[in-house]
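Here's a quick briefing on how this chain packs and pairs its strands. Have a look at the model first, then read on.

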Amino acid sequence: MPLRPSVALSCLVCALSSYAANILVETESFTDYGGWTADAQFIDEMGSTYLLAHGLGEKLTDATTEITLPESGRYHVYARAYNWTSPWHKGKGPGSFRIAVDGRNLKAVLGDTGDRWEWQYAGSFKTNKKTVTLSLRDLTGFDGRCDAVYLTTDPGDIPPVGGDELASFRKTRGQWTEPVDKGMYDLVVVGGGIAGMHAAVAAARLGSRVALVQNRPVLGGNNSSEIRVHLGGALDLGRYPALGTMLKEYAPTMEGNAQPAENYGDNAKLAWIESEPGISLYLDTHVNKVEKGTDGRITSVTGVETLTGSPIRFSAPLFCDATGDGTIGFLAGADYLTGREGRDDFGEPSAPEQPDAMTMGASVQWRSREAAKGERAKFPEFSYGLEFSDETCHRTPVGEWTWETGMHWDQLNDFERVRDYGMLVAYSNWSYVTNRLGLFANRKLDWVASVGGKRETRRLLGDYILKEDDLVKRVHHEDASFTATWSIDLHFPDPENSRQFPDGPFIASNRHVFIHPYGVPYRCLYSRNVPNLFMAGRDISCTHVALGTVRVMRTTAMMGEVVGMAASLCRKHAVLPRDIYQRHLPELKALMTSGTAKRQLPDNQRYNEGHHLSD
């Protein structure tokens, strides 16, 4: 595991008072994570990144850092921890760990009790030294988690539990206050999935100076090694077959979900972006603030470096929300939709009769592998509130996209529970089929995603809202742009799994309504009420039903490319996204005809999951 930035940059020390000496240590500031990983998915809810012991049931090596105490003496130690199985199991949970100081364990076991994120007392130590080594010591490998450690000479000095009070507490101890200004770009793209990557590269190749801001350590979104979903959709079809051809420059050619990490080409994606001189890439940077002018335009966005806590600001005349969650649009006050629209809202036969809050879920995929010679394959007993039987278990060595959770839960504000439930069902099922049924005796659990693969949250509204009629009736639009080829593929809880697990189904079903390749209006790619905001990805302007066809990643690559082209024309003419439709559409059509890909590329991206295609 690579060493992290010096703790001096992010270990937060408060001034001495007459009552206590204390120090707050954010765990993401540890200089060596050992086997632990930094989890920044929930930074908006948590206020910070935390460390996760995602060991698939095997103990991980310690995360360690050296800290300088305000003074010598006796310190009482608190850790902000969470018993992650508590929503489903009322006893002790599996995610236990200890804190050690200079290699010696403090008294208490942490992370296996309680039912929320809270400060748990680890114990005390006395020292005459000013510098000590602090360690997180995993006990199980089952996703213990620690957000921060607080050391104080006053045993009654406990930080706030959460909310605004904890945020204020952190702020008063923070070293970073004013954002570092990264200057002015022509376009800021927030979100480094396939759509954001293509928006950035297309704009850069057409002369724009682009900032690409990604809140993960890797690029690719659902097609990264973190989530492992293959690229769906087809290329080389429709009115503008050159769109999306850039995928042939770098994209994985291996098909399949939940496959080995190398199948998803993280390094190739990074090299592709870094080879573009017009792009400045910012990984591990989560945007959580938007500033607007009096005319309603976004003037800047501010992100926090997830491993140091340092805020940084990006300014531009144009922005692209490729976050998937519509985060930038939401923060800017953009109009949006969530859940399922009713049948009469947009005249969609495939919509439910009445609108509701259900969304397509998030997949926590997993896989096993053959154990190597001499390698122990046995998986620990794991039963924490989800009971399987011979009838309800799944006798499979791999969990693909159908292992989908959270369709009836809030996938924005309660996503940690969604992700945790996905891990809970994977561990519980594997424990049952291997320990109770004796299946897969020589197979070892190899990977369980700790990053949830979302399908649907917010959809930002543009000047046109794509709906079912557009797709099935092939309505002609003068501003038709990228071509949708995937069927209308809507997921819903599997009826049998819902009967067996009514409080938390975790298997999805789907139905396909096949379509002819169809050109989606450019007007779906910019906000109708935030004048300088583009969208690319699963947050474009569409209904829930229409999202079923445009959300796959070869299709989002094409829409990203269109956004990059439109942004270059906005720069050229000093206009806004809507003006491209109203005044410069012929130029955009010319760019879409030629594309921005390199020439003479291999024909290696034709996969469309076997669905019938018709011109």
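**Strand β18 and the cores**

Strand β17 (residues 298-305) pairs with β18 in the antiparallel sense, over 5 bridges. Helices (H or I, at least four residues) and strands (E, at least two) are DSSP runs, numbered from the N terminus, and two strands pair if DSSP finds at least two bridges between them. Keep in mind that this is a predicted model: local features need pLDDT of at least 70, side-chain atom pairs count only at pLDDT 80 or more, and totals for chains, interfaces and linings use all residues. Residues are numbered from 1 along each chain as its sequence is written, and side-chain values use heavy atoms, with hydrogens and water left out.

**Around β18**

- Glycine 303 sits opposite isoleucine 312 in β18.
- β17 and β18 make a hairpin with 5 residues between them, and glycine 309 in the turn has a positive phi of about 80°.
- β12 (residues 180-184) runs parallel to β18, joined by 3 bridges; methionine 184 has serine 315 as its bridge partner.
- Because 5 of the 5 residues of β18 (residues 311-315) are buried (under 20% relative accessible area, 1.4 Å probe, protein chains only), the strand is largely enclosed by the rest of the structure.
- Pro311, Arg313 and Ser315 cover one side, with Ile312 and Phe314 on the other.

**Nonpolar cores**

- The largest nonpolar core (buried Ala, Val, Leu, Ile, Met, Phe, Trp, Tyr and Cys residues joined through side-chain atoms within 4.5 Å) has 91 residues.
- Helix α11 (residues 553-573) gives the most to this core, 11 residues.
- A second, separate core of 40 residues includes Leu52 and Met423.

Note on methods
Buried < 20%, exposed > 50% of the residue type's maximum accessible area, 1.4 Å probe, protein only.
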